[in-house]
Amino acid sequence: MKGSLRIGNISGIPVEVHYTWVIVFGLITTTLATSYLPNYTLYSSPLVNWIIGAIASLILFFCVFLHEFMHSYIALKFGLKIKRITLFLFGGVAEMEGEPKSARDELFISIVGPLTSAILSLIFFLISKFSFNPSSPVGGAVIYLYRINLILAGFNIVPAFPLDGGRVLRAILWMLFKNFKKATRISAGIGITLATMIMFLGFYFILAGQLLSGLWFIFIGWFLNQGAISGEREIDIKEAFVDAKVEDLMTRDVKSVPPNITIEQLVSDYLLSYKYVAFPVMWGDVLLGIITLNDIKGLPREEWKNHTVREIMSPLSPDLVIGPGNSAFDAFLKINRGPTGRLLVMDEDKLVGIISKTDLIRFLQIKSMLTD
């Protein structure tokens with residue numbers, strides 16, 4: 001996710017924090033310190049409330065991380081790849097590559113998140129009853145964590161795509177109808193309906209004079225609506241790409257550039273001559289990475305003669321590579337999540353082609369015209 005900072009790697013899964021997390025962390029800490037925790041004692045200082053509020057906020061996001069990590073852990077057990085876990089404005093998201101292979105897999109992957117939040121809520125409830133004085137800031141923070149995890153579990157289990165509950169519903173419908181596409185359309189439709197209701201509720205709050213609450217509801221509704229529409233659109237795209245392989249759509253005659261030429265040479269001898277916007281970077285038969293027009297845009301023109309391709313290229317990484325036998329749909333998903341708008345097609349250690357978002361969109365356009 002753009003604007004994210006990697007903070008660690010757990011079980012091979014990169015963990016990132018998006019810049020919007022800082023905003024919501026500040027809002028939660030402020031709310032706890034100034035509005036929530038003071039209700040639990042008359043004697044603690046504001047400084048103590050701020051410290052406990054900040055600690056409780058961090059614990060809350062650790063709980064969100066556990067929710068997403070359990071999704072990822074079960075997905076890994078079922079053979080799916082996890083690109084990353086990102087904490088952001090709405091909590092967290094685990095980015096899976098591909099879809100579960102069966103309804104059973106989807107059911108287990110989806111239900112484990114809300115179940116984790118429910119278990120965490122129970123743990124904090126028990127702690128609040130037996131370990132801390134509920135009339136203290138610490139006790140108040142524990143009660144808050146118990147309640148918020150219960151809310152997270154309840155909200156996520158709502159049967160509307162793309163929430164966990166919507167994915168659980170899709171898994172159940174998938175089992176009933178034996179049709180993944182139909183199950184997705186129904187759960188996405190429910191998700192869009194719910195999102196629309198939430199946005200209307202937001203407008204109601206605004207008309208009632210509750211501007212902040214109204215805007216928040218509208219924002220949440222919009223986010224859910226986009227997720228549901230995206231899930232439905234993804235199924236249509238997957239169907240359009242059925243039986244299409246990367247090797248069917250890729251460009252085979254690939255022109256590469258060496259890493260030691262200057263950006264000035266790259267522009268004059270390659271970009272303007274061949275009219276391509278991206279080139280693989282190779283040293284002999286060894287693929288080093290890829291350089292694109294966007295990489296050059298960030299460099300002042302007067303500096304072109306002072307920098308080489310190696311200095312600004314995107315180094316070779318799994319995010320930039322796909323095999324010729326992979327489905328075109330896999331390439332579509334990977335390109336949309338990647339930074340360059342194209343993938344290097346490699347057969348073992350040999351570069352055999354390049355595939356771009358333009359190649360895939362052109363294929364979709366032609367197929368759409370043929371089926372109209």
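Helix H5 supplies the largest share of the nonpolar patch, namely three residues. In this predicted model, the patch lies on the surface and is formed by Ile172, Leu176, Phe177, Ile186 and Ile190. Together these side chains account for about 420 Å² of accessible area. Two elements, helix H5 (164-177) and helix H6 (180-207), each give two or more residues to the patch. Ile186 is placed in helix H6. With a relative accessibility of 33%, Ile186 is classed as partly exposed, because that category covers values between 20% and 50%.

A surface patch of another kind is formed by acidic residues. Glu247, Asp248, Asp347, Glu348 and Asp349 gather in a patch of negative charge. Of these residues, Asp248 is located in helix H8, which comprises residues 246-249.

With regard to the overall architecture, the secondary structure of the protein amounts to 13 helices and ten strands. The C-alpha trace spans about 75 × 55 × 45 Å along its principal axes. The protein has 372 residues, of which 46% are buried.

The interior was examined in terms of its nonpolar cores. The largest nonpolar core contains 37 residues, and the most contacts inside this core are made by Ile28, Leu32, Tyr36 and Tyr144. Both helices and strands contribute: at least two core residues each are supplied by helices H1 (19-36), H2 (46-77), H3 (103-130) and H4 (137-156), as well as by strands E2 (13-18), E3 (81-88) and E4 (91-97). Helix H2 gives the most to the core, with ten residues.

A further buried position was identified in a loop. Leu299 lies between helix H10 (293-297) and helix H11 (309-312), in the loop that links these two elements. Leu299 counts as buried because its relative accessibility of 14% falls under the 20% cut-off. Leu299 and Met199 are 100 residues apart along the chain, and a distance of 43 Å separates their C-alpha atoms.

The two isoleucine and leucine positions described individually thus fall into separate accessibility classes: Ile186 of helix H6 is partly exposed at 33%, whereas Leu299 of the loop between H10 and H11 is buried at 14%.

Notes. Residues are numbered from 1 along each chain as its sequence is written. This is a predicted model: local features need pLDDT of at least 70, side-chain atom pairs count only at pLDDT 80 or more; totals for chains, interfaces and linings use all residues. Side-chain values use heavy atoms; hydrogens and water are left out. Patches are made of residues with over 30% relative accessible area and no salt bridge: like charges are joined within 9 Å, nonpolar side chains (Val, Leu, Ile, Met, Phe, Trp, Tyr) within 5 Å. Accessible areas come from the Shrake-Rupley method with a 1.4 Å probe; for residues, only the protein chains shown count as cover. A salt bridge is a side-chain nitrogen of Lys or Arg within 4 Å of a carboxyl oxygen of Asp or Glu. Lys and Arg count as positive and Asp and Glu as negative; His and the chain ends are not counted. The place of a charge is taken as NZ of Lys, CZ of Arg, CG of Asp or CD of Glu. Helices (H or I, at least four residues) and strands (E, at least two) are DSSP runs, numbered from the N terminus. A nonpolar core is a set of buried Ala, Val, Leu, Ile, Met, Phe, Trp, Tyr and Cys residues joined through side-chain atoms within 4.5 Å. Buried means under 20% relative accessible area, exposed over 50%, partly exposed in between (1.4 Å probe, protein chains only).
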